[in-house]
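Please open the structure in your viewer and keep the sequence beside it, so that each selection can be followed in both places. The tour begins with the whole chain and then turns to one pair of elements.

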Amino acid sequence: MSELWLVRHGETTWNQEGRLTGWSDVPLTALGEQQARALSDWLAAERFERVVASDLQRAIQTARLAYGEPQEVSAALRELEFGQLEGLRWAELPEAYKAALLAFDGLQAPGGESTAQLRRRVYGFFDRLPSGRHLVFTHGGVLRMVLRELDQDRFLPPCAVVGVDWAHKRVRFVRTPENGG
């Protein structure tokens with residue numbers, strides 16, 4: 001049995017500005033650091049076989065502040081690659097891309113990757129994890145993709161945590177800063 005605790009990284013300047021932040025390696029803001037630290041007492045009470053993080057600094061920094069040094073970093077845990085849409089604000093996006101992002105299905109970012117490619121990349125990583133509890137520091141699109149496919153589609157704020165029974169594809173809990181962080 002595999003249990004995954006998926007943690008969205010803390011706030012970045014691009015999050016503040018409403019920019020699409022895929023593979024751009026932007027750091028946490030002071031608030032993002034505070035959000036990550038706010039998870040530390042809660043996570044310290046838990047034990048995990050493995051702590052992994054996306055290789056982007058916002059996820060690694062969140063891991064270090066919330067729990068400690070990740071044992072593994074992987075590009076497989078990155079956000080969707082937005083290609084030519086990277087860095088654009090929501091208001092700057094063509095309507096077709098807004099609709100595809102809201103649906104989070106069938107999106108193919110020009111010069112980037114599709115949501116299907118994101119799914120294969122991330123789920124391939126999850127499926128290779130050994131049995132046990134794993135703490136995974138990743139990105140909002142990854143959390144949304146998992147929730148969407150487990151019939152709980154929603155956008156989550158920075159430092160939200162989703163607990164998933166990966167073997168049975170069930171959401172165990174969703175913790176946001178508003179309901180417990």
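**The whole chain**

Start with a cartoon view of this predicted model, and follow the chain from the N terminus, where the elements run in the order β-α-α-α-β-α-β-α-α-β-α-β-β. As you trace this path, you should be able to find seven helices and six strands. The radius of gyration is 15 Å, close to the 16 Å that the globule rule gives for 181 residues, so the protein is as compact as a globular protein of that length.

Next, select the C-alpha atoms and turn the view along the principal axes, where these atoms fill a box of roughly 45 × 35 × 30 Å. If you then switch to a surface view, the protein exposes about 8000 Å², and carbon and sulfur atoms supply 49% of that area. Of the 181 residues, 52% are buried.

**A pair of helices**

Now select residues 115–128, which form helix α6, together with residues 140–149, which form helix α7. How are the two described? Two packed helices are described by the angle between their axes and by the distance between the axes. Here α6 and α7 pack at an angle of about 85°, with their axes 11 Å apart, and they are therefore roughly perpendicular to each other.

Finally, show the side chains at this contact, selecting L118, R119, V122, Y123 and F126 on α6, and G141, V142, M145, V146 and E149 on α7. The residues of this contact divide into seven nonpolar, one polar and two charged.

Technical notes
Residues are numbered from 1 along each chain as its sequence is written. This is a predicted model: local features need pLDDT of at least 70, side-chain atom pairs count only at pLDDT 80 or more; totals for chains, interfaces and linings use all residues. Side-chain values use heavy atoms; hydrogens and water are left out. Axes are lines fitted to C-alpha atoms, for helices over the stretch in contact, and angles run from 0 to 180 degrees between N-to-C directions. Helices (H or I, at least four residues) and strands (E, at least two) are DSSP runs, numbered from the N terminus. Angles under 35 degrees count as roughly parallel, over 145 as roughly antiparallel, 65 to 115 as roughly perpendicular and the rest as oblique. Contact means heavy atoms within 4.5 Å. Ala, Val, Leu, Ile, Met, Phe, Trp, Tyr, Cys and Pro count as nonpolar, Asp, Glu, Lys and Arg as charged, and the others, Gly among them, as polar. The radius of gyration is taken over C-alpha atoms; the globule rule is 2.2 Å times the number of residues to the power 0.38. Buried means under 20% relative accessible area, exposed over 50%, partly exposed in between (1.4 Å probe, protein chains only). Accessible areas come from the Shrake-Rupley method with a 1.4 Å probe; for residues, only the protein chains shown count as cover.
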